[in-house]
Amino acid sequence: MFTAPEISYAAFAPTIIVLLAGAVGILLEAIIRTHTTRRHVQLGLALGAMVAAAGTAIVQWATYDAAGVVAQAGMFVMDRQALAWHVMLLVFGILGVLLFAARTRAGEEAFTPLGSTAPGSEDEAEARRRGFELTEVFPLALFAVGGMMLFAATVDFLALFVALEVFSLPLYIMVALARRKRLLSHEGALKYFLLGAFSSAIYLFGVALLYGATGSLSYADVAAAIIALPDMSPLFVIGAVMVLVGLLFKLGAVPFHTWSPDAYQGAPTPVTAFMAAATKAAAAAALLRVVFTALFPLEWELNWLIWTVAILSMVVGTVLALVQTDLKRMLAYSSVAHAGFILVAFAGFSPQALSAVPFYLLTYGLATIGAFAVLTQVREKAVDGTVGAEATRLGQWAGLGKREPLLAASMGLFLLSFAGIPLTAGFIGKFQAFAAAIDGGAWPLVFVAVLCSAAAAFFYVRLIVLMFFTDVPEDQEESIEVDYHPYARVVVWITAAAVILLGILPGGVLTLFEDAATLLTGL
Amino acid sequence: MSPMAFVYLAVVLFVIGAAAVLLRRNAIVAFMGVELMLNAANLALVAFSRIHGTIDGQVMAFFVMVVAAAEVVVGLAIIIAVFRARQTISLDEPAELKG
């Protein structure tokens, strides 16, 4: 028999605000006819909704008792862990949406005027002439953020699947909407979509097998059933591995990373910034919850998977990032290596991971959004003086420190944070992650991780040397233009300040994340 | 007929779908492979639901159908956009992104 579920809507308030604003945004698309008004309204709505949601989540954090509340029994929990991820995802969303709205000095936005037109066609030129603007990206971003928030708060494999698709589908579309290099954008979207759908099908079959083995879809019941049954059915292990594969794909860990360089490079850079930070955070959040509340009894059977994937991600990500000549692609492979560092914290299943992983993702996400925000500001300039696409070839960045010292210094700061140099946020993040692994007894893994960090520092420092200690090539003095838009600059300054602050005075934020190290099972 | 037979059938369908995704070069066919995998999971869920006598699996199958439909909308939109730009949907053809 069915019984109506009891849902505590107040606990869902942050998610409801975001998703409702997304739905209202879609309506506004049809109602507001003028392109400029629509852009301003959509931007205001998206920012307002996410700020309000973040405020609500912070109020919930302050008013809930120690652990948090169950929002819907066996389905969703709003514990401190979930609230911490909510606020983090909303911050990434706010910064990302600001970048969506930024444009060049000439007034060119990052998105194609009309996604349905073929690149280079008469229709596209006509849409551009009429000043069409693609403002659907703002509601799409809201849906993506809302889905990610649900993803981080669920304790049920069914709800996890629905949330996974709710945040993935808008991302597939946003990747395809670049204004320039549209063929690359389409290609990235197609690969991202096919591999994403493939991985969610694998996840789903894993869930079906776990359901077959345990008779339940709820994390807590699955864990209880695994503990209760004395003989280990192969269904458990195969199902658990398939579920993890689906989540590791979203995290972008080797060998499930093949989509990420293509999607990162093809996507409009603001979307790359948002996606790189937020998707990884959401995936890590879900992975934490699944591992620590559902699959922990299988620690012995699953540890090899985490070890292998972590080592492969760190090594392959670092080696391939070394040989890249395109900046977006280099950052994509560096994000693959970071997926490995995140997994290091999981090894050993130490409870410290519950505060180390969110902190790592915060430091990584802020630096990532900042780095891609800088990328949107450095543009190619044609001979006739028109400003074109982003300059993503490494060589084009030579001597940037002399043209625009502050911007180049911020980029240098983000790169040092990626490399984990002390006094930046990345160092504290890596330290926490490795400490969690050592606490779990995975010191050989930490050894590999430290070696990879050292090797990775090479390609980060290479770009810094290029920016500050290399002269602008003779013939290229006029080929690069440093663009300016207040939104993009604000994002750069905020993230740079946060990276320094978290690197020098991490104490307060670390304490908050230590408070967040509790998981409710939701029963 | 034992419900386990349906689980074995689901596994076979899943493997066929996965092979289609990995081996076929036509985007539409690869996408159909994904759909086959999702429906294989549905079949397994319903069969297990019958074995356990709980209704969770059947409920999940409904959710999967809805999500799969939404996925088709987005997937076909992207494939059509690629086709309009290139007049082909071969997965080997668009190969500007490498390395």
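**Entry 1: α13 and α14**

At what angle do the axes of helix α13 and helix α14 of chain A cross, and within what distance do they come? I looked this up and found a crossing of roughly 175°, with the axes coming within 10 Å. That makes α13(A), residues 327-346, roughly antiparallel to α14(A), residues 353-377.

Notes to self on the terms. Helices are DSSP runs of H or I with at least four residues, strands are runs of E with at least two, and both are numbered from the N terminus. Axes are lines fitted to C-alpha atoms, for helices over the stretch in contact, and angles run from 0 to 180 degrees between N-to-C directions. Under 35 degrees counts as roughly parallel, over 145 as roughly antiparallel, 65 to 115 as roughly perpendicular, and the rest as oblique.

Before going on, I noted that this is a predicted model, in which local features need pLDDT of at least 70 and side-chain atom pairs count only at pLDDT 80 or more, while totals for chains, interfaces and linings use all residues. Residues are numbered from 1 along each chain as its sequence is written, chains are lettered from A and ligands numbered from 1 in the order in which they are written, and side-chain values use heavy atoms, with hydrogens and water left out.

Next I checked who touches whom, with contact meaning heavy atoms within 4.5 Å. On the α13(A) side I found, among others, A:Leu331, A:His338 and A:Phe341, and on the α14(A) side A:Tyr360, A:Tyr364 and A:Phe372 are among the residues. By class, I read off 14 nonpolar, two polar and one charged residues for this contact. Here Ala, Val, Leu, Ile, Met, Phe, Trp, Tyr, Cys and Pro count as nonpolar, Asp, Glu, Lys and Arg as charged, and the others, Gly among them, as polar.

**Entry 2: two partners for α11**

I turned to helix α11(A), residues 269-294, and helix α5(A), residues 137-153. Their axes come within 8 Å and cross at roughly 20°, so I wrote them down as roughly parallel to each other. The crossing is left-handed, meaning that the near helix is turned anticlockwise from the far one by less than a right angle (clockwise would be right-handed). From α5(A), I spotted A:Met148 and A:Phe151 among the residues that meet α11(A), whose own set includes A:Phe274, A:Thr279 and A:Arg289. The class count I got is 13 nonpolar, one polar and one charged residues.

Then I tried α3(A), residues 80-101, against α11(A): the axes come within 8 Å and cross at roughly 170°. So α3(A) and α11(A) are roughly antiparallel to each other. A:Trp85, A:Phe92 and A:Gly96 are among the α3(A) residues in this contact, and A:Phe274 and A:Arg289 are among those from α11(A). I tallied 18 nonpolar, three polar and one charged residues here.

**Entry 3: salt bridges**

How many salt bridges are there over all chains? I got 22, where a salt bridge is a side-chain nitrogen of Lys or Arg within 4 Å of a carboxyl oxygen of Asp or Glu.

I looked at A:Glu29 with A:Arg38, whose closest N and O atoms are 3.6 Å apart. A:Glu29 and A:Arg38 are both buried (under 20% relative accessible area, with exposed over 50% and partly exposed in between, using a 1.4 Å probe and protein chains only).

A:Lys191 and A:Glu187 form a salt bridge at 2.8 Å. They sit four residues apart in helix α7(A), so about one helical turn separates them. A:Lys191 is partly exposed at 24%, whereas A:Glu187 is buried at 1%.

A:Glu481 and A:Lys381 meet at 3.3 Å, N to O. I noted that this pair links distant parts of the chain, strand β5(A) and strand β3(A), 100 residues apart. I also found one network of salt bridges sharing partners, with A:Arg39, A:Glu108 and A:Arg180 among its members.

**Entry 4: backbone oddities**

Most residues other than glycine have a negative phi, and most peptide bonds are trans. I hunted for exceptions.

The bond from A:Val254 to A:Pro255 is cis, with omega near 0°. A:Pro255 is in the loop between α9(A) and α10(A).

A:Lys181 is not a glycine, yet its phi is positive, about 50°. I found A:Lys181 in the loop between α6(A) and α7(A), partly exposed at 44%.

A:Leu423 also has a positive phi, about 75°. Its loop runs between α16(A) and α17(A), and A:Leu423 is exposed at 59%.
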